[in-house]
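Q: I am new to this structure and would like a guided look at it. Could we go through it together, one topic at a time?

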Amino acid sequence: MIIFKRIRFRNLLSYGNYWTEIDLSSNKRTLFVGKNGHGKSTLLDAITFALYGKPFRKINKPQLLNSINKKALSVELEFSVFGDEYKIIRGIKPDTFEIFKNEKLLDVPGAKTDYQSILETQILKRSMKTFTQVDILGSAKYTSFMELSTPARREVIEDLLDLQIFSSMNVITKKKITENDKIISDLEKQLEFQELERDKYLKVKNSSKDIYEDEIKILEEENNKTILQYNQDMIIEIEETNKINILNVEVKEMDSSSLVSKKNDILVLNTKLSTKNEALQQEINFFHKFDDCPTCKQKISLGFKAESIEEKNLIINENQEKINKLASRKEEIDSKLLIINEKKKELETQQYKVSRIRDNIKNLLGIVENNKRKINNLKDKMSNSSEKLEEEIIDIQIKISDTEKQLNNYKSLKKKLSIILNSLKDTGVKALIIKEYIPILNKLITKYLNKMDYLVSFELNENFEETIKSRHCDEFTYNSFSEGQKMRLSLAILFAFRDVARLRNSVSSNLLLMDEILNSSMDAEGTDKILDILAEGVNISNIIVISHKTEDIIDSFDRVLSFEMKQNFSQMKELNN
């Protein structure tokens, strides 16, 4: 329950640059009196301006500012809610809006609209529309509940029954659904991106593996060919080595060194024989040329010549035979040495061939070993690359699993929020609560109509449509009533609303403001009935009635405040009652 305690204001409408303070809680029934335009109804504008930043009457907000001073409009309203003390300060020129809770200024959000929302939803828990249906009745600006649209009626009833929490929850739930949908959309996009990343790594992994495997395959095929060639060359090398071994044996068996020695001996012997023959021939030639000895000058006999020549020719022939035999022997040796040399050349050629084969075999082994190293390196790279890619894929898969889990959680939350949203619709929980309270509200309205001797049956249905019947069950419409009858019905609804508010302890307050309600449209009997109801209290702690019709009603009030204009400014004073 809200307990309004006091309000003070200055430079508001017809009030000047001085504080006018009104105690709102000390008297049960207060009457404001004064001529029209002297500032009686300013209290309504002051309260709604403090609470909602708007005037109660149909004037623009800038028109609230005193037209003479044109600055420093300020309103301060004090009230308590569930033991917490609040003070609102609101002004124009300069613009001011402050909320104090237990003498501590509440933090100001980013926007004034947020600050106002805190005041209406968290502190007052009522909109201006509800406030003007339950706490204020003013002839200058009063739209009867009966003249409100169905959505506006719903808003008032929901505030009255403290159902705005469901509307707030509805807004919050819709916001959460929107946020949840965005998160789901973001997670779906994130999941799609992660799956693309995973597929990309899988493709790279498979592609990389194929590339490595292709290179390994090429090297292995090359090695297979090389090994085949190696095996073939090894066979050839063995065959050619066998040939070398045979040739070595053959060359060794021919003993070329012995033959060369023999040949040298033949050449030496041949030289000796040839030299000896030449000497003998010279001696023969001497005997043919000279008849006398050149040394001793003695005559050489023909017989001696013939005998010497014959003897020497015989020796020469013998030597020549030896030379011929030696030549024949040399030819044999040369023939053998030629064969040996040819064998040696063949052996050298074969050895060179084998050497080339062995070099080629060595090169083939080098190629095989090099290819094996390349294959092992490729396998290591493939393994390392595969492991790294696998780690990346595992990491991404973990992220995908986390994202899927989050996505499923948010989708599950979406279902729950949808269920909650359906329950928060007008046809949900609110409808069930309203269904329970509508009969109570109808009963209370009828009770107050009976107290005002207005004997009709009034019922609202769950769609807030009314049925009005006389005691003879004749149906009426609201517009078929006179203004006085309409006012009685409006007051009955207001009193019923306040009773329900007290029962709910939601939007109830200690204050009821009635501006010019007891005047033109209300006859004397109706006024008396209403004053009787007010005298009973109507579960209201503090009633303020604004009226210029004072003679017949002044005795019904504990306090009377008079308002009048002095030097273009409104002033207030308390009258002795």
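A: A definition will help with the strands: two strands pair if DSSP finds at least two bridges between them. Please also note that this is a predicted model.

Q: Understood. Which residue stands opposite arginine 29 in E13?
A: Arginine 29 stands opposite isoleucine 543. The strands concerned are E3, residues 29-34, and E13, which run parallel and are joined by 4 bridges.

Q: What other strand pairs with E13, and over how many bridges?
A: Strand E12, residues 511-515, pairs with E13 in the parallel sense over 5 bridges. Within that pairing, leucine 513 has isoleucine 544 of E13 as its bridge partner.

Q: How many residues of E13 are buried?
A: In strand E13, residues 542-546, 5 of the 5 residues are buried. Asn542, Ile544 and Ile546 point one way, while Ile543 and Val545 point the other way.

Q: Why do they point in two directions like that?
A: In a regular strand the side chains alternate between the two faces of the sheet.

Q: Let us change topic. What is the strand order in the open sheet of 6 strands?
A: The order is E2-E1-E4-E5-E6-E7, with antiparallel pairing. E2 and strand E7 (104-105) stand at the edges with a single partner strand each, so one side of each is left without a neighbour in the sheet.

Q: How does E2 pair with E1?
A: Strand E1, residues 2-10, pairs with E2 in the antiparallel sense over 4 bridges. One of the contacts has aspartate 23 in E2 as the bridge partner of arginine 6.

Q: And which residues of E2 are on the covered face?
A: Thr20 and Ile22 form the covered face of strand E2, residues 20-23, whereas Glu21 and Asp23 form the uncovered one.

Q: What happens at the E7 edge?
A: Strand E6, residues 96-101, pairs with E7 in the antiparallel sense over 2 bridges. There, phenylalanine 100 has leucine 105 as its bridge partner.

Q: On to charges: how many salt bridges are there?
A: The count comes to 24 salt bridges. Among them is the one between lysine 87 and glutamate 76, at 3.5 Å from N to O. That pair links distant parts of the chain, with lysine 87 in strand E5 (residues 84-92) and glutamate 76 in strand E4 (residues 73-81), 11 residues apart.

Q: Is lysine 87 buried or partly exposed?
A: Lysine 87 counts as partly exposed because its relative accessibility is 26%. Glutamate 76 counts as buried, at 10%.

Q: Which residue does aspartate 334 meet in a salt bridge?
A: Aspartate 334 meets lysine 330, at 2.7 Å from N to O. Both lie in helix H7, residues 302-424, and are 4 residues apart, about one turn of the helix. Aspartate 334 is partly exposed, with a relative accessible area of 24%, and lysine 330 is partly exposed at 25%.

Q: Which residues are linked in a network of salt bridges?
A: Arg6, Glu21 and Glu78 are linked in such a network.

Q: Finally, which residues form a negative surface patch?
A: The patch is formed by Glu525, Asp528, Asp532, Glu551 and Asp552. Aspartate 532 is found in helix H10, residues 524-536.

Q: How accessible is aspartate 532?
A: Aspartate 532 has 44% relative accessibility, so aspartate 532 counts as partly exposed.

Technical notes
Residues are numbered from 1 along each chain as its sequence is written. This is a predicted model: local features need pLDDT of at least 70, side-chain atom pairs count only at pLDDT 80 or more; totals for chains, interfaces and linings use all residues. Side-chain values use heavy atoms; hydrogens and water are left out. Patches are made of residues with over 30% relative accessible area and no salt bridge: like charges are joined within 9 Å, nonpolar side chains (Val, Leu, Ile, Met, Phe, Trp, Tyr) within 5 Å. Accessible areas come from the Shrake-Rupley method with a 1.4 Å probe; for residues, only the protein chains shown count as cover. A salt bridge is a side-chain nitrogen of Lys or Arg within 4 Å of a carboxyl oxygen of Asp or Glu. Lys and Arg count as positive and Asp and Glu as negative; His and the chain ends are not counted. The place of a charge is taken as NZ of Lys, CZ of Arg, CG of Asp or CD of Glu. Buried means under 20% relative accessible area, exposed over 50%, partly exposed in between (1.4 Å probe, protein chains only).
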